[in-house]
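Thank you all for coming. I would like to walk through one model this morning, going from helix packing to the interior and then to a few backbone details.

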Amino acid sequence: MPLSGDLLRLADAVLLPGFAGHTPPDWLRRRLGEGLAGVVLFSRNIAGPDQLARLTAALRAENPSALVGTDEESGEVTRLEAATGSSRPGAYALGVVDDVALTEALARDLGGDLAAAGITIDFAPSADVNSNPDNPVIGLRAFGADPALVSRHTRAFVRGLQSAGVAACAKHFPGHGDTSVDSHHGVPVVAGGGIEDALLPFREAIKEGVRAVMTGHLLVPSYDAGLPATLSPKVLTGLLREELGFEGMIVTDGIEMAAVSGAYGIGGASARAIAAGADAICVGGERADEGTAAGIRDAIATAVTQGLLPEERLADAARRVRELASWAVSSGSQTSGDGAVGLTAARRAIRITRRSTAPVLPLTSAASVVELAPEMNLAIDKHTPWGVGEPLTRLLPGTAVMRLTVGDSTGSELERLLAEAAGRPLVVVVRDVHRHAWQEQALRHLLSARPDTVVVEMGLPERSDLGAVHLATYGSARVCGQAAAEVLTGRA
């Protein structure tokens with residue numbers, strides 16, 4: 001049976017697709033003009049501030065109330081600064097400093113840049129409590145492992161971002177921190193014993209007036225043993241709406257992720273998410289074509305005709321999306337941030353552990369830097385620059401930098417690097433060394449030959465007993481590398 005135009009438009013009113021390119025394609029312009037809720041921007045859509053402002057203006061020329069969202073968490077997950085590395089550290093560094101005024105100021109600064117670029121909703125902050133240090137997808141994206149700390153910084157981030165007229169979106173409900181599976185690839189299971197700790201930051205974000213909450217593709221057996229949160233009425237309607245009292249917009253994490261699309265397909269998962277209580281479908285991180293967006297719209301409309309999704313629920317979802325869009329239009333700001341707060345935060349986050357009485361620091365001559373680069377999760381743009389080598393080279397010209405991946409880190413290659421580093425200070429940079437056996441093996445090889453090595457951990461520093469001096473930056477943003485280079489050369 002043909003789907004009515006009114007029903008298709010209603011289905012479009014809950015859809016936030018992605019697309020390819022720096023300008024909106026014709027199909028997207030047409031769909032926006034017909035009532036598409038908005039779009040999600042990724043780093044592939046962003047070449048710079050001026051281009052981004054032109055892009056968002058072109059989108060709103062088709063639909064003035066279109067939501068324009070992106071994942072700009074600062075730190076590792078950046079879209080605006082994917083080409084250069086973020087000028088602000090991520091959440092974990094802010095939690096280490098534990099100055100809520102600083103967190104609020106940084107979020108306000110970020111919100112100013114987002115608003116000036118025409119972005120109305122930022123899928124941040126991560127309100128996850130990273131209680132599992134082996135978590136492969138949250139880690140530094142969380143403010144920390146303590147629920148109270150995460151709560152107060154979540155509230156501060158929400159305040160700062162929304163004071164700039166950009167809707168904040170607490171994620172990944174009901175909490176992705178105590179998991180060991182990446183929901184891009186499978187279904188993480190949240191232990192029942194820690195669910196109240198995981199929920200606390202979301203409760204506090206709601207008290208702060210957060211405008212949106214993003215669902216996590218997580219199985220929470222204490223609430224629903226059969227369906228991940230994104231597809232669970234018990235979690236989205238029973239817990240988030242009724243128990244926690246959230247009245248804002250609920251948006252899904254990327255619906256194409258295997259944790260939800262694997263069992264039902266992208267369209268089927270989308271329809272089930274709306275039926276469960278979600279208001280907007282986010283898609284496009286991995287599937288950004290017209291066919292995917294049209295398929296989701298058609299699947300949602302078909303679910304209404306087949307009785308899987310009540311039309312009243314779909315209309316309610318569209319209403320909540322419109323209400324957020326109206327808030328964004330009336331709250332917009334055109335004041336850009338000045339960016340200085342990011343470097344200040346990165347400097348304050350650094351922690352130094354000295355394990356040698358020898359005068360290892362400051363470095364006064366050209367060094368050898370070895371950066372051990374693990375494969376990052378899909379939330380992090382793999383092309384985003386990071387490290388200490390580049391900023392250290394600016395301060396100590398002649399510094400040699402070598403980056404190794406798991407396949408490069410052979411004994412013979414490490415011996416070659418040690419020979420080249422003879423007579424020079426040696427700096428080894430790691431990311432989450434505790435989660436990557438090859439990094440630990442390579443580091444031990446280097447330390448056995450050069451006990452005077454300085455180790456810089458740009459991930460979670462589960463161990464600080466490595467190297468003559470151990471620097472923890474709690475992040476790999478551009479400013480984290482700069483702050484580390486300043487400490488290494490005594491300029492801090």
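At what angle do helix α14 and helix α15 pack, and how far apart are their axes? Please keep in mind that this is a predicted model. Helix α14, residues 411-420, packs against helix α15, residues 437-449, at an angle of about 40°, and their axes are 10 Å apart. That angle makes α14 oblique to α15, and the crossing in which α14 passes α15 is right-handed. On the α14 side the residues that meet the partner are Gly 411, Leu 414, Glu 415 and Leu 418, and on the α15 side they are Ala 442, His 445, Leu 446 and Ala 449. Sorted by class, this contact has 5 nonpolar, 2 polar and 1 charged residues.

A second helix pair can be described in the same terms. The axes of helix α12, residues 340-349, and helix α16, residues 478-488, come within 8 Å and cross at roughly 55°, and these two helices are therefore oblique to each other. Their crossing is right-handed. From α12 the contact takes in Gly 342, Leu 343, Ala 346 and Arg 347, which meet Val 479, Cys 480, Gln 482, Ala 483 and Glu 486 of α16. The residues of this contact divide into 5 nonpolar, 2 polar and 2 charged.

Let me turn to the interior. The largest nonpolar core has 94 residues, and those with the most contacts inside it are Phe 173, Val 210, Ile 255, Ile 300 and Leu 314. Helix α9, residues 258-276, supplies the largest share of this core, with 7 residues. There is also a second, separate core of 29 residues, which includes Val 369, Val 454, Leu 471 and Val 479.

Phe 173 deserves another look: leaving aside residues up to four places away in sequence, the residues that Phe 173 touches include Leu 199, Phe 202, Met 214 and Leu 240. Phe 173 is also joined to Pro 174 by a cis peptide bond, with omega about 5°, and Pro 174 sits in the loop between β5 and α7. Another cis peptide bond joins Ala 124 and Pro 125, with omega about 10°, and Pro 125 is found in the loop between β4 and α6. For context, most peptide bonds are trans.

Ser 126 lies in that loop between β4 and α6 as well, and Ser 126 is buried, with a relative accessible area of 2%. Ser 126 and Ala 142 are 16 residues apart in sequence, yet their C-alpha atoms are 5.6 Å apart in space.

Which residues have a positive phi although they are not glycines? Ser 74 has a phi of about 75°, and Asp 432 has one of about 55°. Ser 74 is placed in the loop between β3 and α4 and counts as buried, at 3% relative accessibility, while Asp 432 lies in the loop between β12 and α15 and is buried, with a relative accessible area of 12%.

I will finish with Arg 88, whose place is in the loop between β3 and α4. Arg 88 is buried, with a relative accessible area of 2%, and, not counting residues up to four places away in sequence, its contacts include Ser 74, Glu 81, Asp 109, Asp 113, Gly 342 and Val 479.

Note on methods. Residues are numbered from 1 along each chain as its sequence is written. This is a predicted model: local features need pLDDT of at least 70, side-chain atom pairs count only at pLDDT 80 or more; totals for chains, interfaces and linings use all residues. Side-chain values use heavy atoms; hydrogens and water are left out. Axes are lines fitted to C-alpha atoms, for helices over the stretch in contact, and angles run from 0 to 180 degrees between N-to-C directions. Helices (H or I, at least four residues) and strands (E, at least two) are DSSP runs, numbered from the N terminus. Angles under 35 degrees count as roughly parallel, over 145 as roughly antiparallel, 65 to 115 as roughly perpendicular and the rest as oblique. A crossing is left-handed if the near helix is turned anticlockwise from the far one by less than a right angle, and right-handed if clockwise. Contact means heavy atoms within 4.5 Å. Ala, Val, Leu, Ile, Met, Phe, Trp, Tyr, Cys and Pro count as nonpolar, Asp, Glu, Lys and Arg as charged, and the others, Gly among them, as polar. A nonpolar core is a set of buried Ala, Val, Leu, Ile, Met, Phe, Trp, Tyr and Cys residues joined through side-chain atoms within 4.5 Å. Buried means under 20% relative accessible area, exposed over 50%, partly exposed in between (1.4 Å probe, protein chains only).
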